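Colleague: I would like to learn how to read pockets and salt bridges in a model. Please take me through them.

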Amino acid sequence: MAGAIREIVFGAEDGAVQNTALIGGMVGAGLTNRVIVIVGLINAIAGVLSMSMGTYLSSKAERDTHLATTDANVSSTRTFSPGRDAAVMAVAYAGGALVPITPFTMGFINPSQAIRVAMVATGLTLFALGAGKAIVSRQKLLRSGLEMLLLAAAAGLAGYALGVAAGAMFGVDV
């Protein structure tokens, strides 16, 4: 796990925060659960593709640069695996992105209730991710968990505020 911690943290955090902010904006704009789920899933799939491709290419570039600049007689402790990095990123991003979508799939919950459940679930997920990162990196659990949670909360609130503004400006009625 320590070898893939960068991809796990980056992927899960980005998937959860990106989709939570997007979903918050859609709730703020007054969209229905059905629209939120469809757009959230499309966003999750697009994010998985984008993030895994970007991870593959950047990991490959890092490996190639390292090989080009390292003395052939010096061994490196860093192993490069662009394919593995991309796969870990894809799974982590998908896992994070699905957390805030799930409450909207429950037909008995309206969007204003579902966003509350999504925020709590995403917050707990991100706090746990930050705490897990702290365990691997031997840092303080509470500080790392709160750091992840608070940064994500700011993004989620910004997404909701943008959705409210867009709904008011453009008169969205879906």
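Colleague: Which helices each supply at least two residues of the lining of the largest pocket?

Modeller: A pocket is an open set of points on a 1 Å grid over the protein atoms alone, with protein on both sides within 12 Å along at least five of seven lines; lining residues have an atom within 4 Å of a point. Here the helices are H1 (5-28), H4 (111-137) and H5 (141-170). Helices are DSSP runs (H or I, at least four residues), numbered from the N terminus. H5 gives the most, with five residues.

Colleague: What can I trust here?

Modeller: This is a predicted model; local features need pLDDT of at least 70, side-chain atom pairs count only at pLDDT 80 or more, and totals for chains, interfaces and linings use all residues. Residues are numbered from 1 along each chain as its sequence is written, and side-chain values use heavy atoms, with hydrogens and water left out.

Colleague: How many salt bridges does a search of the whole structure find?

Modeller: A salt bridge is a side-chain nitrogen of Lys or Arg within 4 Å of a carboxyl oxygen of Asp or Glu. The search finds five. Arg6 pairs with Glu7, with closest N and O atoms 2.6 Å apart. Arg6 also pairs with Glu62, at 3.5 Å. Glu62 lies in helix H2 and Arg6 in helix H1, so this pair ties together parts 56 residues apart in sequence.

Colleague: Is Glu7 buried or exposed?

Modeller: Buried means under 20% relative accessible area, exposed over 50%, partly exposed in between (1.4 Å probe, protein chains only). Glu7 is buried, at 2%. Arg6 is partly exposed, at 43%.
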